[in-house]
Amino acid sequence: MKKNLAIKVEASGTDCSCCSTTGQSATEISAVDPVCGMTIDPATAAASTSHDGQTYYFCAPRCQRAFEKDPASYLSSASQ
């Protein structure tokens with residue numbers, strides 16, 4: 001089962017320890033980085049990749065590389 005990672009948010013600040021981004025504003029439509037859990041704007045995401053027909057967005061290329069090494073581990077934890 002594919003899970004849509006786009007969500008509607010109203011919060012404004014988010015910290016991400018994996019890429020040292022702080023205070024990034026969330027937009028009306030955003031995505032959740034499956035590696036670190038950071039809420040990001042797909043239009044300005046640092047990286048993205050497709051897996052099983054779904055596009056995933058990342059806060060940093062480092063998160064994208066981690067996901068691409070073992071996507072199943074991140075997707076199984078996101079669905080729990």
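C36 is partly exposed in this predicted model, at 33% relative accessibility, whereas C59 is buried at 12%. No disulfide turns up anywhere in the structure: the count is zero. Beyond the cysteines, the thing to look at is a cluster of aromatic rings made up of Y56, F58, F67 and Y74.

**Cysteines**
- With a relative accessible area of 33%, C36 falls between the 20% and 50% cut-offs, so "partly exposed" is the label it gets.
- C59 has a relative accessible area of 12%, which is under the 20% cut-off, so this cysteine counts as buried.
- A disulfide would be a covalent bond between the sulfur atoms of two cysteines.
- The structure holds zero of those.

**Fold at a glance**
- The protein chain has five strands and two helices.
- Going along the sequence, you meet the elements in the order β-β-β-β-β-α-α.
- Among these elements are strand β5, covering residues 54-58, and helix α1, covering residues 61-69.

**Aromatic rings**
- How many aromatic pairs does the structure hold? There are three.
- One of them joins Y56 and F67, whose ring centres sit 5.0 Å apart with the planes at 40°, so the pair is tilted.
- That pair links distant parts of the chain, with Y56 in strand β5 and F67 in helix α1, 11 residues apart.
- Are the two partners buried or exposed? Y56 is buried at 6% relative accessible area, and F67 is buried too, at 1%.
- F67 also pairs with Y74: here the ring centres are 6.4 Å apart and the planes meet at 35°.
- Why is the F67 and Y74 pair called tilted? Its 35° lies between the 30 degrees below which rings count as stacked and the 60 above which they count as edge-to-face, so tilted is what remains.
- Y74 itself is partly exposed, with a relative accessible area of 21%.
- Put together, ring pairs tie Y56, F58, F67 and Y74 into a cluster.

**Whole-chain numbers**
- Of the chain's 80 residues, 30% count as buried, with Y56, F67 and C59 among them.
- Looking at contacts with a separation of 6 or more, 31% come from residues 24 or more positions apart.
- The accessible surface of the protein chain is about 5000 Å².
- Carbon and sulfur atoms account for 48% of that surface.

Conventions: Residues numbered from 1 in each chain as written. Predicted model: local features only at pLDDT ≥ 70, side-chain atom pairs only at ≥ 80, totals over all residues. Heavy atoms only, no water. Helix = DSSP H or I, 4+ residues; strand = E, 2+ residues; numbered from the N terminus. Buried < 20%, exposed > 50% of the residue type's maximum accessible area, 1.4 Å probe, protein only. Contact = heavy atoms within 4.5 Å. Areas by Shrake-Rupley, 256 points an atom, 1.4 Å probe, with all protein chains shown as cover. Phe/Tyr/Trp six-rings, centres within 6.5 Å; stacked < 30°, edge-to-face > 60°. Disulfide = S-S within 2.5 Å.
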